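Open the model in your viewer and keep the selection panel at hand. The stops below go from enclosed space to strands and then to rings.

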Amino acid sequence: MPLRLPDRLPAIDLLKGENIFVMDNSRAHAQDIRPLRIVILNLMPLKITTETDLIRLLSNTPLQLDISFMKLRSHTSKNTPIEHMMMFYRDFAAMRNEKFDGMIITGAPVETLDYEQVSYWDEITDIFDWARTHVTSTLFICWAAQAGLFHYYGVPKYQLPKKMFGIFPQRMLTPLMPIFRGFDDVFMMPHSRHTEVRREDIEQQPELTLIAESEQSGVSIVMARGGREFFITGHLEYAPNTLDNEYRRDRGVRDDVDLPFNYYPNDDPALPPMVSWRAHANLFYNNWVNYYVYQETPYDISKIE
């Protein structure tokens with residue numbers, strides 16, 4: 001089944017070039033079944049890149065998805081054309097009365113700030129609270145995962161001496177959960193962050209379940225409320241060249257960023273990166289949509305609570 005996307009979204013042409021079946025809203029009106037409504041709150045600076053990364057993963061489900069994009073009123077993107085934001089994104093205030101089957105909240109380049117110092121903290125915590133009554137299941141990624149764990153459960157974050165940067169092996173602690181259906185015993189996940197949350201703080205909260213972790217990169221995925229919330233500290237959605245772009249951007253500018261771990265063949269940045277996480281990334285998002293969004297959401301979307 002195709003993804004249903006806003007007319008003229010740049011990701012449509014990019015993904016069609018990868019033989020991914022998408023259709024715009026004009027064509028989708030002929031469909032009789034109710035598509036699952038997924039909203040993406042995109043806090044990343046390069047919004048078109050993040051849109052494409054997430055849509056690529058969501059495209060692998062056989063279910064029809066209706067994708068919407070949310071933005072903050074209290075923050076203006078400096079790296080995405082205003083025309084793009086006006087055409088494809090809506091303010092949270094304009095979407096407050098709507099309900100969604102699933103939500104994805106991305107990371108943001110503010111992790112070294114205290115939460116209360118983030119200029120849009122009040123608005124994003126309002127969205128966090130709204131999601132609990134207006135969304136069936138929410139994925140929180142990287143900084144959003146840390147922020148959600150802090151806001152809902154008081155879990156602190158800690159500054160790292162060096163950026164957690166590279167592709168790290170993860171192990172499942174609850175391998176029989178539907179979110180891990182089809183996974184191997186070990187799976188790889190990109191990480192790119194300057195802060196962390198810790199196992200001992202997660203374990204102090206009975207509402208939280210640590211479901212995946214790594215000896216090198218620590219806490220990986222935390223689940224709450226029976227799968228209505230997933231907190232992912234890494235970036236399964238990353239494209240093959242994302243860490244390469246970050247490394248070349250920061251090299252010679254920052255002194256806390258090393259060569260990305262387990263990424264370049266023979267640790268040689270002159271060679272193309274080796275992709276080792278794509279299959280499990282597709283499985284994870286497909287399992288989330290199928291088992292925690294589709295099978296848990298009511299047919300009458302107004303009944304989400």
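Start with the interior: the structure holds 1 cavity of 30 Å³ or more. A cavity here is a set of points on a 1 Å grid over the protein atoms alone where a 1.4 Å probe fits but cannot get out, and lining residues have an atom within 4 Å of a point. The model is predicted, so local features need pLDDT of at least 70 and side-chain atom pairs count only at pLDDT 80 or more, while totals for chains, interfaces and linings use all residues. Residues are numbered from 1 along each chain as its sequence is written, and side-chain values use heavy atoms, with hydrogens and water left out.

The largest cavity contains about 40 Å³ of space; a volume is the space filled by probe spheres set on the grid points, which are joined across faces, edges and corners. Select its lining: Ala 131, Arg 132, Val 135, Thr 136, Ser 137, Thr 138, Phe 140, Tyr 152, Arg 225, Arg 228 and Glu 229. Two or more of these residues come from each of helix H6 (121-134) and strand S7 (135-141). Helices (H or I, at least four residues) and strands (E, at least two) are DSSP runs numbered from the N terminus. S7 gives the most, with 5 residues. By class the lining has 4 nonpolar, 3 polar and 4 charged residues, where Ala, Val, Leu, Ile, Met, Phe, Trp, Tyr, Cys and Pro count as nonpolar, Asp, Glu, Lys and Arg as charged, and the others, Gly among them, as polar.

Stay with Arg 132. Its charged end sits over the ring of Tyr 152, 4.0 Å from the centre; the criterion is NZ of Lys or CZ of Arg within 6 Å of the ring centre and within 35 degrees of the ring normal. What does Tyr 152 pair with? The search of the whole structure gives 25 aromatic pairs, and in one of them Tyr 152 meets Tyr 153 edge-to-face, at 5.9 Å centre to centre with 70° between the planes. Rings of Phe, Tyr and Trp (its six-membered ring) pair if their centres lie within 6.5 Å; planes under 30 degrees apart count as stacked, over 60 as edge-to-face and the rest as tilted. Tyr 152 and Tyr 153 are both buried (under 20% relative accessible area; exposed is over 50%, partly exposed in between, with a 1.4 Å probe and protein chains only).

Next select Phe 180 and Phe 187, a tilted pair at 6.1 Å centre to centre and 40° between the planes. Both rings belong to buried residues. Then colour Tyr 115, Tyr 120, Trp 121, Trp 143 and Phe 150, which ring pairs link into a cluster.

Return to Arg 225 and Glu 229 by way of strand S11 (residues 218-224), where 6 of 7 residues are buried. Strand S10 (residues 208-214) runs antiparallel to S11, joined by 6 bridges; two strands pair if DSSP finds at least two bridges between them. Leu 210 has Val 222 as its bridge partner in S11, and a hairpin of 3 residues connects S10 to S11. On to strand S12 (residues 229-232), which pairs with S11 in the antiparallel sense over 4 bridges. Ala 224 stands opposite Glu 229 in S12. The S11-S12 hairpin has 4 residues between the strands, and Arg 225 in the turn has a positive phi of about 55°.

Technical notes: 1 Å grid on protein atoms, 1.4 Å probe; cavity = no way out; pocket = protein on both sides within 12 Å on 5 of 7 lines; lining within 4 Å.
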